[in-house]
Structures are given as structure tokens and as C-alpha cells.
Amino acid sequence: MDKYAIEGTPKTPSISFDLNGGVLEIKGRSIPENSIEFYKPLVDSLDKYSSSAKPATTVNVQLEYFNTSSSKCILDVFKKLEGIHKGGSAVTINWHYEEDDEDMLEAGEDYQAIINVPFKMVMVNE
Amino acid sequence: MVDVFDIYDKMERNNILLSFKGEITSDLLTSILQIMENKMDNMQEEPKMKKKVYNVLVECLQNLYHHLDDMADSDQGDKIRSAIFMIGKLETKYSIFTGNYILNENIKGLKTRLDEVNSLNKEELKEYYKKVLNNGEMSLKGGGGLGMIDIARKTGEKLEYNFLEIDNKVSFFTLNIKVTQQQQN
């Protein structure tokens with residue numbers, strides 16, 4: 001498996017994970033009632049990737065909305081990335097937020113405080 | 001006969017934009033969120049306010065959704081799988097009201113959590129959120145208590161609630177969340 005990709009829906013984000021290029025992108029809305037089920041395949045593919053990670057791994061997160069159920073799963077994804085970072089692949093998480101969305105910026109800063117991986121806060125103009 | 005006008009009039013006087021009573025399903029939540037999003041677009045709501053209301057709505061509605069599961073798992077399931085919620089707007093202030101049955105044995109735990117959230121200021125809520133996010137147990141029922149903390153954090157308002165005892169098994173739990181234009185820090 002070189003690529004894990006799923007389309008977005010009104011309640012779930014699009015995910016694109018290029019294992020050869022070391023680029024993971026999560027975009028859209030993440031407000032499913034059952035987030036564990038939704039994020040499990042991504043967490044599994046990160047497990048696979050960790051054994052053959054590229055020298056650098058870039059993660060782009062651009063969420064419009066996410067619910068608290070997703071916030072735990074996103075933390076799990078970031079914890080996997082923290083493991084990959086410790087394992088020698090230079091991970092960068094680019095956390096995107098819209099200009100007026102202070103709540104989204106704060107959410108990114110919360111993760112930044114918990115996860116030991118370099119974060120970049122990227123402001124997006126609407 | 002049901003006095004439909006009375007119900008209509010009460011809603012009108014309370015500036016209700018949308019209300020629903022019945023069983024809460026995943027599809028219903030999708031529709032309601034879509035309707036509210038359209039309404040806010042039509043009212044040309046400020047993007048910042050729109051996001052806040054949408055976020056808080058998601059948490060409130062999903063609380064109801066997950067909570068009905070708890071009721072269904074109990075022997076009280078059949079008669080009380082339904083809930084009510086209303087969304088009102090007066091000038092620039094949105095109010096979200098939810099109501100659902102709760103087992104009396106679960107009141108104490110919920111009340112403790114609500115009071116805890118209400119006792120914290122903005123900075124304390126941020127720390128509490130991070131603590132629960134990082135240490136709390138994730139459950140299939142959602143974020144393991146993060147919802148209420150998130151609502152309080154995003155609205156900057158206290159969570160108003162009430163428990164109305166129905167009989168020796170169940171009570172009716174109501175929650176009123178206000179979303180106002182946030183003061184700058």
C-alpha cells in the first residue's frame with residue numbers, strides 16, 4: 001500500500017496519505033458521531049508507515065470544524081506521528097486555521113503543548 | 001385537542017429558529033446541521049459567530065445522540081428514546097436548549113461535572129481541556145467528557161441546567177447554552 005486516500009463527506013474529512021512521499025493531509029470537517037471507527041484505518045496505516053518512514057514526514061491539517069470526539073482521535077494520530085518523529089523521520093505538522101478562527105488556532109496550540117513534534121501554525125485567508 | 005397555536009406562539013415569543021422533538025438519529029443531526037448552516041448563511045451571520053454556533057450545536061446534539069444510547073441500554077429504553085432541542089436567536093445572541101431523560105442514578109455524576117466546568121475560568125478551562133484530552137478515557141460515546149468543557153470554553157458562558165424529577169427512575173435534564181459575540185480577551 002503506497003497511498004491511503006478517502007474522500008470527504010459532510011461529517012468526515014478527506015484524508016490523503018502518500019506513504020512513499022511521506023505526506024499526510026487531513027482536510028475538511030471532522031464531526032462524525034463515531035470517530036474511533038473513522039480514524040482507525042489512518043492510525044493503522046501510520047503504524048505500517050512507522051517501520052519504513054521517509055527521512056522527512058509532512059503533515060497538513062486543515063480542518064474547518066472538528067468535534068470533541070474527533071479531538072481524541074486526532075491526538076492519537078499525532079501520538080503516532082510523535083513516535084515516528086522519535087524514530088528518526090523529521091515530522092512537521094502544519095496546522096491550518098482561517099484568519100478569524102481563534103478557536104481553531106487555540107486547538108492547534110493545545111496539541112502543540114501536548115505533542116513533542118514541531119508544529120507550524122499556518123493562517124489561511126478566507 | 002393539542003393547542004397548536006399555543007405551541008407556535010410560545011416558540012414565536014421565544015424567537016425559536018428551529019425546534020425538534022423525537023428520536024435523535026445520525027441522519028437527523030446531519031440534516032439539522034445543514035439547515036442551521038443555511039439559515040446562518042441566509043441571515044449573513046458573521047463567519048466567526050457562525051463557526052462558534054455550529055461547533056456548539058454539534059457538541060450539544062451529539063451529547064443528546066450519545067445519551068439516548070445510555071437510556072436505550074437501560075430498562076427504561078422503550079418509552080423515552082426521544083429528546084427535544086430548540087435553537088433561538090434574539091438580536092445577536094443565540095440560545096440552544098436541549099432536554100432529555102436521564103436515569104436518576106446518573107444525575108450526581110453529571111451535576112458534578114457541570115459544576116466543575118462552571119467553576120473554572122477561561123485559562124483553567126483550557127488546562128482542564130488539555131488534561132482530559134490527554135489523559136481521559138476515550139469511549140465510543142464520544143470525547144469522554146470533553147464536550148461540556150469545549151462548549152464552556154468556546155462560548156465563555158456558564159452552562160445553565162436543571163433536573164426535573166419525573167419518577168423514582170428518571171428525571172428530565174435540560175441544558176441552556178448561550179452563544180454571544182465574544183468579548184476580546
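How many helices and strands are there in chain B? In this predicted model, chain B contains six helices and five strands. Their succession along the sequence is α-β-α-α-β-β-α-α-α-β-β. Of the 185 residues in chain B, 28% are buried. Among the contacts of chain B with a separation of 6 or more, 65% are between residues 24 or more positions apart.

The five strands of chain B form an open sheet in the order β1-β2-β3-β5-β4, with antiparallel pairing. Its edges are formed by β1 (16–23) and β4 (160–165) of chain B, each of which pairs on one side only. From one strand to the next, the twist averages 10°. At one edge of this sheet, β4(B) is joined by six bridges to strand β5 (residues 170–179) of chain B, the two running antiparallel. Within this pairing, Tyr161(B) has Leu175(B) in β5(B) as its bridge partner.

Two loop residues of chain B have a notable backbone conformation. Most residues other than glycine have a negative phi. Gln44(B), however, which is not a glycine, has a positive phi near 50°. Gln44(B) is placed in the loop between α2 and α3 of chain B, and it is exposed, with 8 other C-beta atoms within 10 Å. Glu91(B), likewise not a glycine, has a positive phi of about 50°. This residue belongs to the loop between β2 (82–90) and β3 (93–103) of chain B. Glu91(B) counts as exposed because 8 other C-beta atoms lie within 10 Å of its own, and the cut-off for an exposed residue is 12 or fewer.

The strands of chain A were examined next. Strand β1 (residues 3–6) of chain A pairs with β2(A) in the antiparallel sense over four bridges, and Tyr4(A) stands opposite Phe17(A) in β2(A). β2(A) also pairs with strand β3 (residues 23–30) of chain A, again in the antiparallel sense, over five bridges. Here, Asp18(A) has Val23(A) in β3(A) as its bridge partner. Four residues lie between the strands in the hairpin of β2(A) and β3(A), where Gly22(A) takes a positive phi near 70°. In a regular strand the side chains alternate between the two faces of the sheet. Such alternation is found along strand β2 (residues 14–18) of chain A. Ile15(A) and Phe17(A) point to one face and are buried, whereas Ser14(A), Ser16(A) and Asp18(A) point to the other and are not.

Contacts between the chains involve 25 residues of chain B and 20 residues of chain A. On the side of chain B that touches chain A, at least two residues each come from α2 (26–42), α3 (47–73), α5 (122–135) and α6 (146–155) of chain B. The greatest contribution to this side is that of α3(B), with 10 residues. By type, the residues on this side of chain B comprise nine nonpolar, nine polar and seven charged.

In soluble globular proteins, nonpolar side chains tend to be buried together. The largest nonpolar core in the model has 63 residues. Those with the most contacts inside this core are Val77(A), Leu81(A) and Ile93(A), together with Val56(B), Leu57(B), Cys60(B) and Leu64(B). α3(B) gives the most to this core, with 10 residues. For Leu57(B), neighbours within four places in sequence being left aside, the contacts are with Leu33(B), Met36(B) and Ile96(B).

Terms used. Residues numbered from 1 in each chain as written. Chains lettered and ligands numbered in written order. Predicted model: local features only at pLDDT ≥ 70, side-chain atom pairs only at ≥ 80, totals over all residues. Contact = placed C-beta atoms within 7 Å. Nonpolar A, V, L, I, M, F, W, Y, C, P; charged D, E, K, R; others polar. Buried ≥ 20, exposed ≤ 12 C-beta atoms within 10 Å, placed from the backbone. Pairing = 2+ DSSP bridges. Axes fitted to C-alpha atoms, helices over the stretch in contact; angles between N-to-C directions. Core = buried A, V, L, I, M, F, W, Y, C linked by C-beta atoms within 7 Å.
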